[in-house]
Amino acid sequence: MGEPSPKREESDFPDTSAAFPRLTVEQMDALGSKGQRRKVAPGEVLFRAGEPCDEFYVILSGSIDIVEDHGCDSERTLSTHGAGRFLGELNLLSGQPEFVTAAAREPSEVLAVPVSELRSLMGRDTNLSDAILRACIARRSMLIGRGSGLRILGSRYSPDTKRLREFANRNRIPHRFIDLEVEEEAEHILRDLQVAPSE
């Protein structure tokens, strides 16, 4: 069965960007009255890239990885979070599909709060609202800076590609541009999607 995971300390998950604050005891209590505690097995996915998420997760114990390209050869862990932190970014509040996947690194326990209840709490508690909004905005900026999120595949000479890139930039949508003329990755993606370069 293996050795139990060692107890994680706050210092195991430093927040160097101020994007991952820990909630106060009072905030956890307020959220706890509206949510449901849930055990999460290692590898279990809480939300998946490309799908909307209707629950706000607070980590009570264990740790959760935020992963890009989950289940693919190019999978990479962007960050790992422990007890007292919460998951999600602006898409959670707007109801749009997630850009990344959240999966348990080890046996964990989370508090799952319906987003509708979260919005109601945020409307009444400005400190909670400020903490969550600041973190979500910072996380969005981090995703943009890392080139995470959507992939725009096209020619730099294409007016349609240019319009898509301008739209993503204007709306602060995390994305990465893959140039057909330059990047080898483009050929592999087109082959996997069975799309000809001319298309």
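**Glutamate 55 and the largest cavity in a predicted model**

The side chain of glutamate 55 makes a polar contact, at 2.9 Å, with the side chain of tyrosine 57, a polar contact being a pair of N or O atoms within 3.5 Å in which, within protein, one must be able to donate a hydrogen and the other to accept it, and residues adjacent in sequence count only if both atoms are side-chain atoms. This is a predicted model, in which local features need pLDDT (the predictor's confidence in each residue, from 0 to 100) of at least 70 and side-chain atom pairs count only at pLDDT 80 or more, while totals for chains, interfaces and linings use all residues. Residues are numbered from 1 along each chain as its sequence is written, and side-chain values use heavy atoms, with hydrogens and water left out.

**Glutamate 55**

- Glutamate 55 counts as buried because its relative accessibility is 19%, where buried means under 20% relative accessible area (1.4 Å probe, protein chains only).
- A second side-chain partner is arginine 38, joined to glutamate 55 by a polar contact of 3.0 Å.

**Cavity**

- The largest cavity (points on a 1 Å grid over the protein atoms alone where a 1.4 Å probe fits but cannot get out) has a volume, the space filled by probe spheres set on the points, of about 170 Å³.
- Of the 16 residues with an atom within 4 Å of a point, which form the lining, Phe20, Ile66, Val100, Arg139 and Leu143 are the closest to the centre of the largest cavity.

**Confidence**

- The protein averages a pLDDT of 81, and 87% of the residues score at least 70.

Definitions and conventions:
On a 1 Å grid over the protein atoms alone, a cavity is a set of points where a 1.4 Å probe fits but cannot get out, and a pocket is an open set with protein on both sides within 12 Å along at least five of seven lines; lining residues have an atom within 4 Å of a point. Buried means under 20% relative accessible area, exposed over 50%, partly exposed in between (1.4 Å probe, protein chains only).
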